[in-house]
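Biologist: Hello! Could you walk me through this model, one question at a time?

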Amino acid sequence: MSREDLTDDERDALHEFQLAAEYLQRAYGDLLECHHQVGHAMDRMSDAEELLRGAGHEELADELRHEHLPAGAIEDKWTYEIVESFRDGFYADLTDYEAAVREELADGERHITEKRQRDQLRERADDGLADSPGE
């Protein structure tokens, strides 16, 4: 089926799916940002461990080293594991499904709504040129 053959509901559904996929991409980026920020925090905690030890606070340094630094961010999972789980599970499943729906309805074509809007604006601009004085 071509994009010209789509019903309004099909076109709207594809547009909503495209927006959802873009929001999932942004969420994935936010998870990566969180992963990097936690990594930087871990580096600072490691520095704090050395400073505590250097200041003679062995017990505090040992607790940081043995309890807090190796702990996971969520339920013993490190942030990279959370990023991988999201990317390989929820994100992959939904983006694959969006691509399959797009393939079935529009031969895999992306941005159906935007292309229609572009074409309408270009047509309107071309019509305006034909209506211009001196043409």
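Biologist: Is His111 buried, partly exposed or exposed, and what is its relative accessible area?

Modeller: Happy to help! First, this is a predicted model, where local features need pLDDT of at least 70 and side-chain atom pairs count only at pLDDT 80 or more, while totals for chains, interfaces and linings use all residues. Residues are numbered from 1 along each chain as its sequence is written, and side-chain values use heavy atoms, with hydrogens and water left out. Buried means under 20% relative accessible area, exposed over 50%, and partly exposed in between (1.4 Å probe, protein chains only), so His111 is partly exposed, with a relative accessible area of 30%.

Biologist: Where does His111 lie, and what is its phi?

Modeller: His111 sits in the loop between α3 and α4; helices are DSSP runs of H or I with at least four residues, numbered from the N terminus. Most residues other than glycine have a negative phi. His111 is not a glycine, yet its phi is positive, at about 50°.

Biologist: Which residue in the loop between α2 and α3 has a positive phi although it is not a glycine?

Modeller: That loop joins α2 (58–68) and α3 (79–106). The residue counts as exposed, at 75% relative accessibility. Its phi is about 45°, and the residue is Glu75.

Biologist: Lys77 lies in that loop too. Which residues is Lys77 in contact with, leaving aside neighbours within four places in sequence?

Modeller: Lys77 counts as partly exposed, at 41% relative accessibility. Contact means heavy atoms within 4.5 Å. With those neighbours left aside, the partners of Lys77 are Gly72, Ile82 and Ser85.

Biologist: Is Arg102 buried or exposed?

Modeller: Arg102 is found in helix α3. Leaving aside neighbours within four places in sequence, Arg102 is in contact with residues including Leu14, Gln18 and Asp107. At 7% relative accessibility, Arg102 counts as buried.

Biologist: How many salt bridges does a search of the whole structure find?

Modeller: A salt bridge is a side-chain nitrogen of Lys or Arg within 4 Å of a carboxyl oxygen of Asp or Glu. One of them pairs Arg87 with Asp88, the closest N and O atoms being 3.0 Å apart. Arg87 is partly exposed, at 31%, whereas Asp88 counts as exposed, at 51%. The search of the whole structure finds 11.

Biologist: Which residue forms a salt bridge with Arg65?

Modeller: The closest N and O atoms of this pair are 3.2 Å apart. Arg65 lies in helix α2 and its partner in helix α1 (residues 8–54), so the bridge ties together parts that are 16 residues apart in sequence. Arg65 is partly exposed, at 44%, while the partner is buried, at 6%. That partner is Glu49.

Biologist: Which residues are linked with Glu49 and Arg65 in a network of salt bridges?

Modeller: One bridge joins Arg53 to Asp62, with closest N and O atoms 2.9 Å apart. Arg53 is partly exposed, at 24%, and Asp62 is partly exposed as well, at 30%. Linked with Glu49 and Arg65 are Arg53, Glu58 and Asp62.

Biologist: In which helix is Glu123 found?

Modeller: Glu123 is exposed, with a relative accessible area of 53%. Asp126, Asp127 and Asp131 gather with Glu123 in a surface patch of negative charge; such a patch joins like charges within 9 Å, from residues with over 30% relative accessible area and no salt bridge. Glu123 is found in residues 112–131, helix α4.

Notes: Patch = residues over 30% accessible without salt bridge, like charges linked within 9 Å, V, L, I, M, F, W, Y side chains within 5 Å. Areas by Shrake-Rupley, 256 points an atom, 1.4 Å probe, with all protein chains shown as cover. Lys, Arg positive; Asp, Glu negative; His and termini not counted. Charge placed at Lys NZ, Arg CZ, Asp CG, Glu CD. Helix = DSSP H or I, 4+ residues; strand = E, 2+ residues; numbered from the N terminus.
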